[in-house]
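Biologist: I'm new to this one, so could you walk me through it?

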Amino acid sequence: MPLQVSDYSWQQTKTAVFLSLPLKGVCVRDTDVFCTENYLKVNFPPFLFEAFLYAPIDDESSKAKIGNDTIVFTLYKKEAAMWETLSVAGVDKEMMQRIREKSILQAQERAKEATEAKAAAKREDQKYALSVMMKIEEEERKKIEDMKENERIKATKELEAWKECQRKAEEQKKIQKEEKLCQKEKQIKEERKQLKYKTSTRNSASRNLAPKGRNSENIFTEKLKEDSIPAPRTVGSIKINFTPRVFPTALRESQVAEEEEWLHKQAEARRAMNTDIPELCDLKEEEKNPEWLKDKGNKLFATENYLAAINAYNLAIRLNNKMPLLYLNRAACHLKLKNLHKAIEDSSKKFCSLEGIECQASESKLSHHIPCDLHVYIQMA
């Protein structure tokens, strides 16, 4: 239980009360002061000071100064009058509790009001800052739009000026062209006049010298026309033939061998696809590809369905018997099923296709191509 402090001193004027309270060696940081208009409490453990004030005070303008192991309070009165005592006399415990609770409620309400006022002030500041930012952004946007408009007007004027220059140049070219045409027409007229004058003079001379009749005159005039008018140009056509080519790219000598090999393989694949194999009747076009059948057999081998895998490899070999991996994979399936002779036969076919060895039916001639241990793990290709 805290110890009540009674050795304090106080003085007053009509407007203020001066209260001096000793701290008794307690650290200033451990001191807690609570003040309302009718209640004052100072808690500095293990000591406690409480005062139920004689009259209301202005707690907002009141002050507290701590120094020299003492707290000095300056309490300003709401009404200018002299107090008979610092605390109200004859206060029982219930009244004290009511005053304490009332003071706490007043303090909470005041703190709430201060918090709301602070929040309202903060909102107003935010609104003001937002409005200022919006105004600045609006000014910046307007400035940018003005710059864009000025640039657009400038570009439009430059474009119009360029169009005007182009139009003037076109007009100038047109005028020059018309002048050239007029000059040519004048030259043609002059030439026609000269030619007409020459023909007329020649005709008159021929009449005076040796008139030979209408036929000779016509022959002479026709020769003049033939000499003055050039013959028309002959019309012809040129035929161009291109060498047919399968590939869309240009022909290169370095790739001729590769292209021929690819075309050969494609022809073999088409011939294999067009063979009359009964098993191919119910298959799709993509399922008739040996590569697709090989992948299907590999998947069946992975699920330990060796018989189905052998069927897939058999059909792929019938379509294309020049793929060594088909024989090797089928040999692996036979090895899993303990069909050792068939495994040896497929392995020998695989080695023959790889090394160019002529395969024999006898197992004695092929035994040197087969591994001794048939139980070695075979990795699917």
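What follows is a short chat about one sheet and some aromatic rings in a predicted model.

Biologist: Let's begin with the sheet. In what order do its four strands come?

Modeller: Strand S1 covers residues 3-4 and pairs with S6 in the parallel sense, over two bridges. S5, residues 39-44, runs antiparallel to S6. Put together, the pairing is mixed and the sheet is open, with the order S1-S6-S5-S4.

Biologist: And which strands stand at the edges?

Modeller: Look at who has a single partner strand: an edge strand has one side left without a neighbour in the sheet. That holds for S4, residues 32-35, and for S1, so the edge strands are S1 and S4.

Biologist: How many bridges join S5 to S6?

Modeller: The two strands are linked by a hairpin that passes through two residues. One of the bridges has Phe44 with Phe47 in S6 as its partner. Counting along the antiparallel pair gives six bridges.

Biologist: Which residue of S6 does Leu3 stand opposite?

Modeller: Here we're on the S1 side, where S1 and S6 pair in the parallel sense. Leu3 stands opposite Phe47.

Biologist: How many residues of S6 are buried?

Modeller: In a regular strand the side chains alternate between the two faces of the sheet, so it helps to check each face. On one side of S6 sit Phe47, Phe49 and Ala51, and on the other Leu48, Glu50 and Phe52, with both faces covered. For the strand, residues 47-52, the tally of buried residues is six of six.

Biologist: Now the rings. What kind of pair do Tyr8 and Phe49 make?

Modeller: A search of the whole structure turns up five aromatic pairs. For Tyr8 and Phe49 the ring centres are 5.1 Å apart. Their planes stand at 70°, and over 60 counts as edge-to-face, so this pair is edge-to-face.

Biologist: How many residues apart in sequence are the parts that this pair ties together?

Modeller: Tyr8 lies in the loop between S1 and strand S2 (9-12), while Phe49 is in strand S6. The pair therefore ties together parts whose separation in sequence is 41 residues.

Biologist: Is Phe49 buried or exposed?

Modeller: Its ring partner Tyr8 has 30% relative accessibility and counts as partly exposed. Phe49 has a relative accessible area of 1%. Under 20% means buried, so Phe49 is buried.

Note on methods: Residues numbered from 1 in each chain as written. Predicted model: local features only at pLDDT ≥ 70, side-chain atom pairs only at ≥ 80, totals over all residues. Heavy atoms only, no water. Buried < 20%, exposed > 50% of the residue type's maximum accessible area, 1.4 Å probe, protein only. Pairing = 2+ DSSP bridges. Phe/Tyr/Trp six-rings, centres within 6.5 Å; stacked < 30°, edge-to-face > 60°.
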